[in-house]
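Visitor: I have a protein open here and would like to go through it with you. Can we start with one residue and work outwards?

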Amino acid sequence: MAGRINDDDVKAVRDAVPIDAVVSEYLQLRNAGGGNLKGLCPFHDEKSPSFHVSPAKGLYHCFGCQEGGDTVDFIMKIDHLSFAETIERLASQAGITLRYEEGGYTPGRQQGERTRLVEAHKIAAQFYAEQLDGAEAEIARAFLAERGFDQSAAQHFGLGYSPAGWDHLTRFLRGRGFSDQELVLSGLSQEGRRGPIDRFRGRLMWPIRDIAGEVVGFGARKLREDDNGPKYLNTPETPLYRKSHVLYGIDLAKKEIAKTSRAVVVEGYTDVMACHLSGITTAIATCGTSFGEGHIKILRRLLMDHSGSEVVFTFDGDAAGQKAALRAFEDDQKFAAETSIAITPGGMDPCDLRLAKGDAAVADLVESRTPLFEFALRHVASRHNLDTTVGRAAALDEAAPIVARIKNSSIQHESAVQLAGMLGILDTQFVVRRVSQLARWARERGREGGPDQSRPQQRRGQAAPPEQARPAGPRGPALNLRSPARRVERELLKLALQRPDLVSPAFDAYGADEFTAPPYAVVRQCIEDAGGATAGAADPSYVPRVREAAPDDTVRAMVTELAVEPLLTRRDPDEAYAGVQLATVRIAAVDARIADLEGAARRSEAQGDHAGSAAMLQELWVLQQYGKTLRERGAAAL
């Protein structure tokens, strides 16, 4: 049985790894005000960023899908890891040695499966890289030299060589404590007649890293004629490696992609190398599969998917390249970014182009890009006889829907005019009207369609409002918690979690009955159980304690949400702002108590209980005076 990680070590790991640094490995974050950051949620598709991160609190929350938690929760969710695996990964990043209870620490026995597989790939990458310097790897070094890549390029991309023997890596990893089962599961070895053998033998090796920089697989290039395998052999699908969800070079390109709002998609490993060495450091490639939905999600999170971002596809000018370009165009509308295509001259890929004409030619290739929809239109036009009326009409029927799909209305209009000229149709306005009509019909179908027509649909490109986005089941505040009547209660709880120094000690004197929404009353109780806002004013572990005090996951999710949600002030909150929230909540509570007493006093009077009625009227008078003072003096009257 695996040992339990020491609690103090878990806390040290949580404190050592800033949540914004971890989240930034997976998506681009921008300033959201109030010390918070925001980006496109990695857990659901959205066009507008609703994923907020609070570095000060160490928490994240998405106001679209309601996912939230701390650094550990984020890694567990996004990488599908267990708690122990997550702590082990974060501890490795922070340089913290973990202690295991119940019998000490045995790495091979107690680390999680994914952690073990990642470690095996890390060691394998180092092993292959060392082999590239050996005599047997001369053929691999010659291959690289012929393509313009020197030793420093090989080191930069972590290239290596797999020995031609049957089980060199397998025996090496066994010696490092890995079991045969782990080696086969990782894809580094495969079953042979007498046990596991190396999957990759006698090949040039490219380590494939995920967006966090961990090696999750390999691409291997055939070097010898007697190798009967395919030209390129990739790691099979494993718990670590899914080819539809990895992009080669993303670990090196992600920061520049986020910085420049541009990604360049090429077709192969050597093309990525050629582009990066030519100054196009935003280049990435798929790994033995076509560019698809999983790859789009990775790029959208880095690009923030705004209209100023761009995805440039580079393809050979041959038939296969054109087919790939058109397939990419089918995914065009899944980006808010503009999509373009750069066709390499003479059928050369970027690697060949760099070798033939130098680094500048690769940079010029990207700059000579053409909008992808324009390329698609020209392809449509080439299939019809535009010298005839019938041919032009058929081309218009096929091309008009393409233009109608363009998101930017001004570009859509200009493209319709361009289409008329391309097809030789003299009545330009006819083409413009046709495109506009198709676009309008598409919008109307979008508004009417959807899986549940009984509910209003949000506009594409906007996060669903909380009451629509809330999944079924106990996953957060009820539908009415954001109503104007409870907005101030919500704001006060946010202040109590985010800026306890501004509302203490007054907040701690508030009773649960001053929060009219029962879930808010429960959160207020959690704050009290964690020591109150006064204790949290200078305690970094305050919010985690409040989350731990939550009776269930529903309340814990609400605490996270309130701790991350931006305050309703554009300026930095101060004592005056906090005072307004404190006074308004108290006034509402006083007014509610007054209404209750008025009704009770009337009932007592009607029942002949004059003494009871008199006592209530006395309390009523006191509350009315207090309410008047609160309205006149605000927080000073608390």
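Visitor: Is E67 buried or exposed?
Guide: This is a predicted model, and in it E67 counts as buried because its relative accessibility is 17%, where the cut-off for buried is under 20%.

Visitor: Which residue does E67 form a salt bridge with?
Guide: E67 pairs with K77, and their closest N and O atoms are 3.4 Å apart.

Visitor: Where do K77 and E67 sit in the chain?
Guide: K77 is in helix α3, while E67 is in the loop between β4 and β5. They are 10 residues apart, and the pair links distant parts of the chain.

Visitor: What does K77 count as, buried or exposed?
Guide: Neither; K77 has 37% relative accessibility, so it counts as partly exposed.

Visitor: What does helix α3 pack on?
Guide: A sheet. The sheet is open, with 5 strands in the order β1-β2-β3-β4-β5 and antiparallel pairing. The strands at its edges are β1 (30-33) and β5 (68-70), each of which pairs on one side only. From one strand to the next the twist averages 25°. Helix α3, residues 71-79, touches β3 (51-54), β4 (59-62) and β5 of that sheet, and its direction makes about 120° with that of β5.

Visitor: How many bridges are there between β1 and β2?
Guide: There are 3 bridges between β1 and β2 (residues 36-39), in the antiparallel sense. As an example, N31 has L37 in β2 as its bridge partner.

Visitor: Switching topic. What is the order of the strands in the sheet with β6 in it?
Guide: The order is β6-β9-β10-β11, an open sheet of 4 strands with antiparallel pairing. β6 (160-162) and β11 (232-234) are at the edges with a single partner strand each, so one side of each has no neighbour in the sheet. The twist here averages 35° from one strand to the next.

Visitor: And what joins β6 to β9?
Guide: They pair in the antiparallel sense over 3 bridges. G160 has M205 in β9 as its bridge partner.

Visitor: Which helix lies across β6, β9 and β10?
Guide: That is α6, which runs at about 35° to β10.

Visitor: R114 is in α6, right? What does R114 meet in a salt bridge?
Guide: Yes, R114 is in helix α6 (residues 113-131). Its side chain meets that of E214, at 3.4 Å from N to O. E214 is in the loop between β9 (203-209) and β10 (215-222), so the salt bridge ties together parts that are 100 residues apart in sequence.

Visitor: Are E214 and R114 buried or exposed?
Guide: E214 is buried, with a relative accessible area of 16%. R114 also counts as buried, at 12% relative accessibility.

Visitor: Which residue does E138 form a salt bridge with?
Guide: E138 pairs with R141, and the closest N and O atoms are 2.8 Å apart. Both lie in helix α7 (residues 138-146), 3 residues apart, which is about one turn of the helix. E138 counts as partly exposed at 43% relative accessibility, and R141 likewise counts as partly exposed, at 28%.

Visitor: Which residues do salt bridges that share partners join into one network?
Guide: R490, E491, K494, E561 and E565.

Visitor: How many salt bridges does the count come to?
Guide: The count comes to 35 salt bridges.

Visitor: Back to strands for a moment. How many residues lie between β7 and β8?
Guide: There are 2 residues between them, and the two strands form a hairpin. β7 (residues 189-192) and β8 (residues 195-198) run antiparallel and are joined by 4 bridges. Q190 stands opposite I197 in β8.

Visitor: Now helix against helix. At what angle do α15 and α16 cross?
Guide: Roughly 135°, and their axes come within 6 Å. That angle makes α15 oblique to α16. On the α15 side the contact is made by P350, L353, R354 and K357, and on the α16 side by D359, A361, V362 and L365. These residues divide into 5 nonpolar, no polar and 3 charged.

Visitor: Last one, the whole protein. How many helices and strands are there?
Guide: There are 29 helices and 16 strands. Of the 638 residues, 49% count as buried. Of the contacts with a separation of 6 or more, 66% are between residues 24 or more positions apart.

Technical notes:
Residues are numbered from 1 along each chain as its sequence is written. This is a predicted model: local features need pLDDT of at least 70, side-chain atom pairs count only at pLDDT 80 or more; totals for chains, interfaces and linings use all residues. Side-chain values use heavy atoms; hydrogens and water are left out. Two strands pair if DSSP finds at least two bridges between them. Axes are lines fitted to C-alpha atoms, for helices over the stretch in contact, and angles run from 0 to 180 degrees between N-to-C directions. Contact means heavy atoms within 4.5 Å. Angles under 35 degrees count as roughly parallel, over 145 as roughly antiparallel, 65 to 115 as roughly perpendicular and the rest as oblique. Ala, Val, Leu, Ile, Met, Phe, Trp, Tyr, Cys and Pro count as nonpolar, Asp, Glu, Lys and Arg as charged, and the others, Gly among them, as polar. A salt bridge is a side-chain nitrogen of Lys or Arg within 4 Å of a carboxyl oxygen of Asp or Glu. Buried means under 20% relative accessible area, exposed over 50%, partly exposed in between (1.4 Å probe, protein chains only).
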